[in-house]
Structures are given as C-alpha cells and as structure tokens.
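User: I work at the bench and want to learn to read a model like this. Please take me through it feature by feature.

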Amino acid sequence: MSLSGRLASQSTIIFGGRLFGAGLIFLVQAFIARFWGAAILGEYLLIIAAVNLISVAMPLGFQTIGTYFAAEYRARGDRRQLAAFMIRAYGHVTAAFVLLLAAGPALLGLLGQGGSAIAGHYVPVALLALATAMVYVSGGVLVGLKRPFAGFFADGIFRPMLVLTAFLICATAFDGPTEGFDTMLWCIALGSVVISSVHFGFVVAAVRQVEARVEPRAAEWPRWWRFAAPWVMVTLATDFFFDIDLLLLANLLNHEELAIFGVCTRIFALVSFGVAAVYAVTLPDIFESEAQADRTAFHRKVGEANVVASLVSLVLFVLVAIGAPFALLLFGEGFTAGALPLAILCLALVVRSAMGPASMVLSIHDRPWASLPAVLLGMGTLAAGNWLLVPAFHLVGAAMAAIIAISAWSVALWAIALRTAHIDVSILQWFRTRRAAVPAE
C-alpha cells in the first residue's frame, strides 16, 4: 500500500478510536451529573484537570520528543541509545512521582488547598498522574517505532472503557454518591496503573525488535535536553492553546459565552486529532528518510502527509459546519450560538495542515529553539486579537482572534523552517514536486 493510502486508512482508524473514547468520557460525565449531582461532577473535572497538568510536567518534556528519538534510533539500529533514552524518560516520571507523594500534600496546604477535592483524594490523584505520564512517554515511543495503534489506544480507548466500567460498577454497588465516587476514583487509579504497565510491556517488546548494529557509546542526554526544553514550551502553547485562550477571555466574555466557547474549543480539540493522527502515522517515515539522508523521499513523504492532512481538514470542516448546531444542542439551546465560531475554528486546521509540520522539521535539523519566535508571535497575536475583536464581536470575535493567531503562528513556522533549514514543508512543495515529475511534451 502507498504511503498516502496507509495514511488515510491508519489515521482514520486512530481518529475513529479517539472519537469512540471521547464519546465514552462524555457519557460518563453526563451519568455522573445525573446520578451523583453537579457537585460531584465538578470535583471529578477538577481532579482530572489536575491529573492532566501534573502528568504533562512529570516526564520533563521527554514525552514530546520520544517519537523523534525512537524513530531515529530505530532507523540507525541503535537499540542501546534508545534504551538509555527510555531509562531517562521513565526515570523522570518515577522521581516526580516520589516527590509528589512526599511533598504534594504539604504544598497543597501551603497553597490553601488542604481541604480541596484534590487533597481529599490525593493518593488516587498521584496514581492517576503516574499512569498518565507513563502512557504519554510510552505512546510517544511506540509511535516512533511505527506502532501508532499501540501508541494511541491505551489512552484513547482503554482508559475511557475503564472509566465507564468503574462508574457503572460503583453507581450500582453504592447508594450514596460520595462513597460511589470515592471508590470509582480508586478503581480508575488502580486500573490506569495496570493499563500503563501493560502499555510499558508493549514498549519493551517493541524495543527488543530494534537492531543493535551501532557500537556502544555514551548516552546523548545533552542532546535530549536541548530538544526537550523548547518542546515543553511548544507543547504548552499547542496542546494547551485554548486553555490559555480561555484564561485570556475570562474578563472579556460573560460566563455563558465563556462556557459556550469552552465547549467549542473542546470539540475543536477532538476534531483536530484527526489531523494529528495523519502526522502520527507518517512522522516515523519522515524521520527515517532524514536519518538516511534521502532528501527526495523526505520531501515526498512530507508532501503526501500535508495533502492527506489538508483533505482531512476540509472534510472535518464540512462535517462540523453541518453537524455543529445539532451537537451543540445536546448542551442546551443557548449553546447553538457556538456553531459559527466552531466552524471558524475548524478552518484553522486547513491552514495548519497546508503549512506542514515545521516545528518537527526544525527539530530534525537540530534547531528546536527556532520554533519559539513563532510561538511567541502566536500568543501575542492571540492576546491582541482578543482585545480588539472580542468586545465588538463576542464569540465570533474570539474565534477570529484564534484563527488569526494560529495562521500567523503556522506561517511564521513555515518561513523559519524555509530560512533556517532551507526546506519548504508546505503543501506548495508537493505541487511543485508533482509538476516537476511530469515530463514536458
């Protein structure tokens, strides 16, 4: 099967799995609110938010670069260096977990959160953070080793199934919501540890299949840190872009509008995973071509990925434009006001896909810090756009500010990659390559 065909098929399966898992999570949240009340749901969402933030910090950025280094060491046949990278990444998670158990409760007390829901369920929170961080690291490595299904399905499918099962059991076994919720958290925490352990087993099995034809050498930890440090900031600004945006909008939108926009951003994040799945499938091939100094194959694979991602983006935009009013109606009639802003946000996926994976290409060429000016430009544009557009246009203004910021960010990254690495990662390169490949009549 051609790369384009494999991209379309595998990314569709990954995106479908993510949709299935997200649907289960939404179902659980609706059940919690209906059976145990809004207050319990609020505690659950607070705990999950804390777990997500803690788990992202625990690997110290190594989860963001695992795909790149796993693909590089696999292509070179350097299993020893890959094993050293994994020991360092999982070591960060383990050390952070020990620190979390030792100093976390005292820190919550100093912050005045000693009586919060997080403090009241601290051990399950710590176990959930440990399991989630492990899955982040394992998932990145497995994607780099050309096992995208194993990389994504632990968090995308099996964790949501665990959450739904734990809720159904606890809701049936306990009459009181407090007892049921407490037991559910323990079940989810312990079950997540089991899932992350099995996931880690897949990583170990996959690493054993990597060749060890390179002579032993010292661990490249300075290089790992050079990549990981800027990617912490890049990941924060990308994966948490709309979390930052919601904080910026807190004083510009009323509570109802903020809630509507928050729902739109969550739907957008889910839709955008369809594009991310395309690059997850193709990045190992791109890394391998670069490691083998095959520039022709590198350009071809980047171009094909951009074309498939752009087509997926256009399809998703059409689906969202048609289905958004009906999907938002599930949250209440007032939420249908978010249909147009959500459609505008989804146009940003088209722009981002057309400009290509510039940040990753800069990292491949050992220029990971070069992405930061574009990140700062995007954040500055977002703040300025909100200040200028939101007071006059409210939700539409917020969506316009976001798409302008994402577009400025994407174009800036493309220009930086073109100037510093002398590589055009945009979809235009694919069209130029195709035109050059057609013989003149």
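**Reading the model**

Analyst: Start at Lys146, which lies in the loop between α6 (122-144) and α7 (148-173). Helices here are DSSP runs (H or I, at least four residues; strands are E, at least two), numbered from the N terminus. This is a predicted model, where local features need pLDDT of at least 70, side-chain atom pairs count only at 80 or more, and totals for chains, interfaces and linings use all residues. Residues are numbered from 1 along each chain as its sequence is written, and side-chain values use heavy atoms, without hydrogens or water.

User: Where is confidence lowest, and where is it highest?

Analyst: Read pLDDT, the predictor's confidence in each residue, from 0 to 100. The protein has a mean of 79, and 77% of its residues reach 70 or more. Helix α16 (residues 427-437) is lowest, at a mean of 60. Helix α8 (residues 177-208) is highest, at 93.

User: What is notable about the backbone at Lys146?

Analyst: Lys146 has a positive phi of about 65°, although it is not a glycine. Its relative accessible area is 37%, so Lys146 counts as partly exposed. The scale is: buried under 20%, exposed over 50%, partly exposed in between (1.4 Å probe, protein chains only). His394 also has a positive phi, about 55°, and is not a glycine. His394 sits in helix α15 (residues 372-420). It is partly exposed, at 36%.

User: How many disulfides are there?

Analyst: Look for a pair of cysteine sulfur atoms within 2.5 Å. The count here is zero. Take Cys170: its closest cysteine sulfur is in Cys187, 4.3 Å away, so that pair is too far apart for a bond. Cys170 is buried, at 1% relative accessibility. Cys346 is buried too, at 0%.

User: How do I find empty space inside?

Analyst: Rolling a probe the size of a water molecule over the atoms shows where space is left. A cavity is a set of points on a 1 Å grid over the protein atoms alone, where a 1.4 Å probe fits but cannot get out; lining residues have an atom within 4 Å of a point. This structure holds one cavity of 30 Å³ or more. The largest cavity has a volume of about 80 Å³.

User: Which elements give two or more residues to its lining?

Analyst: They are α6, α7 and α8. Helix α7 gives the largest share, four residues. Among the lining residues are Ala131, Asp155, Arg159 and Ser192. The lining divides into five nonpolar, two polar and two charged residues.

How values were computed:
On a 1 Å grid over the protein atoms alone, a cavity is a set of points where a 1.4 Å probe fits but cannot get out, and a pocket is an open set with protein on both sides within 12 Å along at least five of seven lines; lining residues have an atom within 4 Å of a point. Grid points are joined across faces, edges and corners, and a volume is the space filled by probe spheres set on the points. Ala, Val, Leu, Ile, Met, Phe, Trp, Tyr, Cys and Pro count as nonpolar, Asp, Glu, Lys and Arg as charged, and the others, Gly among them, as polar.
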